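Work through the following exercises with the sequence and the model at hand. Each task is followed by a solution in steps.

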Amino acid sequence: MLFDVIRQLSVGQQVDFSQVLAQVLSVLFVILCILPLHEFAHGWVAGKLGDPTAKLAGRLTLNPLASVDPMGALALLLFGFGWAKPVPVDSRYFKKPKQGMALTALAGPVANLLAALAGALVMAAMEAFATATTVTLFFFNALYYYVLVNISLAVFNLLPIPPLDGSRILGAFLSDRMLSVYYRYQNVCSLIVFVLILSGAMSGPLYRAQTILGNAIFSLAEAPFRAFGVL
């Protein structure tokens with residue numbers, strides 16, 4: 001994201017500022033609209049499973065003021081992954097705490113993937129019916145980055161490290177003893193993984209996961225248009 005743009009400028013490489021603007025606008029939309037949706041999904045699923053904590057805390061809302069974390073938003077602008085203020089969840093309300101936490105955690109990345117699919121559907125519709133102009137091409141590029149950011153967020157949040165959603169999903173498959181050990185060393189594990197991410201050591205696996213999901217989402221979005229022969 002912007003970190004790459006800054007790096008390119010620092011070594012004298014040319015930058016397409018139209019592309020940069022499309023990236024920034026797409027990320028800002030994700031910060032203001034999709035991160036709140038991600039957190040809302042957590043709270044909504046938790047509520048359906050019997051936990052009213054998010055609703056009682058006023059977090060069952062799409063209001064970005066309730067969800068946006070300044071540091072998480074800045075990280076998203078700079079690096080393409082970030083976070084929001086987590087919705088409070090109390091697993092004691094769940095009939096099956098570990099399974100309930102896993103489903104609640106999974107809801108966030110699923111919301112990102114559905115948001116990505118919605119953007120990909122609009123892109124497919126534009127490709128099928130829109131006339132190519134400067135404005136439509138800019139909007140198409142912004143949608144493309146919007147889809148990629150949502151996929152990136154889904155993949156990032158599925159990493160099995162606390163406090164990311166993936167750690168709660170993994171917890172459903174661990175014994176109580178293993179789960180206790182897992183959370184005892186969560187800070188060390190989190191630090192190691194984040195260092196690996198920032199150093200670029202995990203860029204390959206993350207990129208492959210994003211590519212697989214991206215190809216699946218774009219193919220799914222294009223399928224109905226191809227079925228009717230307009231793509």
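**Exercise 1. Place Ser-67 in its helix, decide whether Ser-67 is buried or exposed, and list its contacts.**

Step 1. Ser-67 belongs to helix α4, which covers residues 64-67. Helices (H or I, at least four residues) and strands (E, at least two) are DSSP runs, numbered from the N terminus.

Step 2. The relative accessibility of Ser-67 is 0%, so Ser-67 counts as buried. Buried means under 20% relative accessible area, exposed over 50%, and partly exposed in between (1.4 Å probe, protein chains only).

Step 3. Neighbours within four places in sequence are set aside; Ser-67 is then in contact with Pro-36, Glu-39, Arg-59, Ala-84 and Lys-85. Contact means heavy atoms within 4.5 Å.

Step 4. Pro-36 is 31 residues away from Ser-67 along the chain, and their C-alpha atoms are separated by 5.5 Å.

A note on the source: this is a predicted model, in which local features need pLDDT of at least 70 and side-chain atom pairs count only at pLDDT 80 or more, while totals for chains, interfaces and linings use all residues. Residues are numbered from 1 along each chain as its sequence is written, and side-chain values use heavy atoms, with hydrogens and water left out.

**Exercise 2. Describe the protein chain as a whole: which elements does it have, and how does its radius of gyration compare with the globule rule?**

Step 1. The protein chain has 11 helices and zero strands.

Step 2. The radius of gyration of the protein chain is 19 Å, close to the 17 Å that the globule rule gives for 231 residues, so the chain is as compact as a globular protein of that length. The radius is taken over C-alpha atoms, and the rule is 2.2 Å times the number of residues to the power 0.38.

Step 3. Along the principal axes, the C-alpha atoms fill a box of roughly 55 × 45 × 30 Å.

Step 4. Of the 231 residues, 41% count as buried. Among contacts with a separation of 6 or more, 71% join residues 24 or more positions apart.

**Exercise 3. How many aromatic pairs does the whole structure hold, and what is the geometry of Phe-29 with Tyr-146?**

Step 1. A search of the whole structure gives four aromatic pairs. Rings of Phe, Tyr and Trp (its six-membered ring) pair if their centres lie within 6.5 Å; planes under 30 degrees apart count as stacked, over 60 as edge-to-face and the rest as tilted.

Step 2. Phe-29 and Tyr-146 have ring centres 5.7 Å apart and planes at 65°, so the pair is edge-to-face.

Step 3. Phe-29 lies in helix α2 (residues 17-48) and Tyr-146 in helix α7 (residues 134-157), so the pair ties together parts that are 117 residues apart in sequence.

Step 4. Phe-29 is partly exposed at 42% relative accessibility, whereas Tyr-146 is buried at 10%.

Step 5. The rings of Tyr-144 and Tyr-145 have centres 5.9 Å apart and planes at 65°, so this pair is also edge-to-face. Tyr-144 is partly exposed at 37%, and Tyr-145 is buried at 17%. Together with Phe-218, Tyr-144 and Tyr-145 form one aromatic cluster.

**Exercise 4. Where is Leu-220, and is Leu-220 buried or exposed?**

Step 1. Leu-220 sits in helix α11 (residues 203-227).

Step 2. Its relative accessible area is 52%, so Leu-220 is exposed.

Step 3. Leu-117 is 103 residues from Leu-220 in sequence, and the C-alpha to C-alpha distance is 7.9 Å.
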